[in-house]
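Trainee: I would like a close look at one part of this protein. Please walk me through it in short steps.

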Amino acid sequence: MADFVMRRWDLNPHPHPQAPLHVHDRGDEGFVVLSGALAVTLGPEVRQLGPGEFVVVPAGSAHTFATIGDLPTSVLVTMTPDIDDLVRELHQVPDDERPLVWARHHSRLV
C-alpha cells in the first residue's frame, strides 16, 4: 500500500474556488464530504457532493474545489505525503514564491 495522509479540512463558505485549478503529476487525492456541500471540478466535469459522498482525483487530473452555499463544509481529504507537504508549504510562503513550491512538489497550475 502506498503512503497516504488523511486530513480534516473545515472550510468556511467562500464564493470562489478554495484553490486555483491545478494538477498533481505524481499523487492521487480524494475528498469525502463530512458536512455541508462541496463542488469538485475534475477535468471538464463539476460534481456537487453532499455528506457521505466522495470523489477520487487521479494523478495528472486538473481539479479544484469550492464550498456550496452559506454554511461551512467539512471534508476528509486523503492524499500523498507530497501533496500534504505542498498544501502546508503554500500557506507559509509569499505569493511570489508559490510557483517554486508547486514545482518542488510535482504539481502545477493549469
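How much space lies in the largest pocket?

Mentor: A word first: this is a predicted model. In it, about 400 Å³ of space lies in the largest pocket.

Start with the walls. The lining of this pocket is made of 17 residues. Find Gln18, Ala19, Val87, Leu90 and His91, since these five lie nearest the pocket's centre. Next, look at which elements take part. Two or more lining residues come from each of β1 (5-11), β2 (22-24), α1 (81-90) and α2 (98-104). Of these, α1 gives the largest share of the lining, four residues.

Now sort the lining by class. Nonpolar residues number 11. Another four are polar, and two are charged.

Follow α1 out of the pocket. The helix α1 lies across three strands, β1, β3 and β8 (73-79). Against β1, α1 runs at about 35 degrees. So what are these strands part of?

They belong to an open sheet of four strands. Read the order as β1-β8-β3-β6, with antiparallel pairing. Look at the two ends of that order. β1 and β6 (54-57) are the edge strands. Each has a single partner strand, so one side of each has no neighbour in the sheet. Recall that β1 also gives residues to the pocket lining. The sheet has a twist to look for too. On average, neighbouring strands are turned by 20 degrees against each other, direction ignored.

Zoom in on one edge. Strand β3 (residues 29-35) is joined to β6 by four bridges, and the two run antiparallel. Pick out Phe31. Its bridge partner in β6 is Val55. Phe31 has a second role, in an aromatic cluster with Trp9 and Phe65. The count of aromatic pairs in the model comes to three.

One more pair of strands deserves a glance. Strand β4 (residues 38-42) and strand β5 (residues 45-49) run antiparallel, joined by five bridges. Within that pair, Ala39 has Gln48 of β5 as its bridge partner. β4 and β5 form a hairpin with two residues between the strands. Check the backbone there: Gly43 takes a positive phi near 65 degrees.

Here is the route once more. Begin at the pocket, where α1 supplies four lining residues. Cross from α1 to β1, β3 and β8. Then step along the sheet to its edge at β6. Finish at the hairpin of β4 and β5.

Notes
Residues are numbered from 1 along each chain as its sequence is written. This is a predicted model: local features need pLDDT of at least 70, side-chain atom pairs count only at pLDDT 80 or more; totals for chains, interfaces and linings use all residues. Side-chain values use heavy atoms; hydrogens and water are left out. On a 1 Å grid over the protein atoms alone, a cavity is a set of points where a 1.4 Å probe fits but cannot get out, and a pocket is an open set with protein on both sides within 12 Å along at least five of seven lines; lining residues have an atom within 4 Å of a point. Grid points are joined across faces, edges and corners, and a volume is the space filled by probe spheres set on the points. Ala, Val, Leu, Ile, Met, Phe, Trp, Tyr, Cys and Pro count as nonpolar, Asp, Glu, Lys and Arg as charged, and the others, Gly among them, as polar. Rings of Phe, Tyr and Trp (its six-membered ring) pair if their centres lie within 6.5 Å; planes under 30 degrees apart count as stacked, over 60 as edge-to-face and the rest as tilted. Two strands pair if DSSP finds at least two bridges between them. Axes are lines fitted to C-alpha atoms, for helices over the stretch in contact, and angles run from 0 to 180 degrees between N-to-C directions. Contact means heavy atoms within 4.5 Å.
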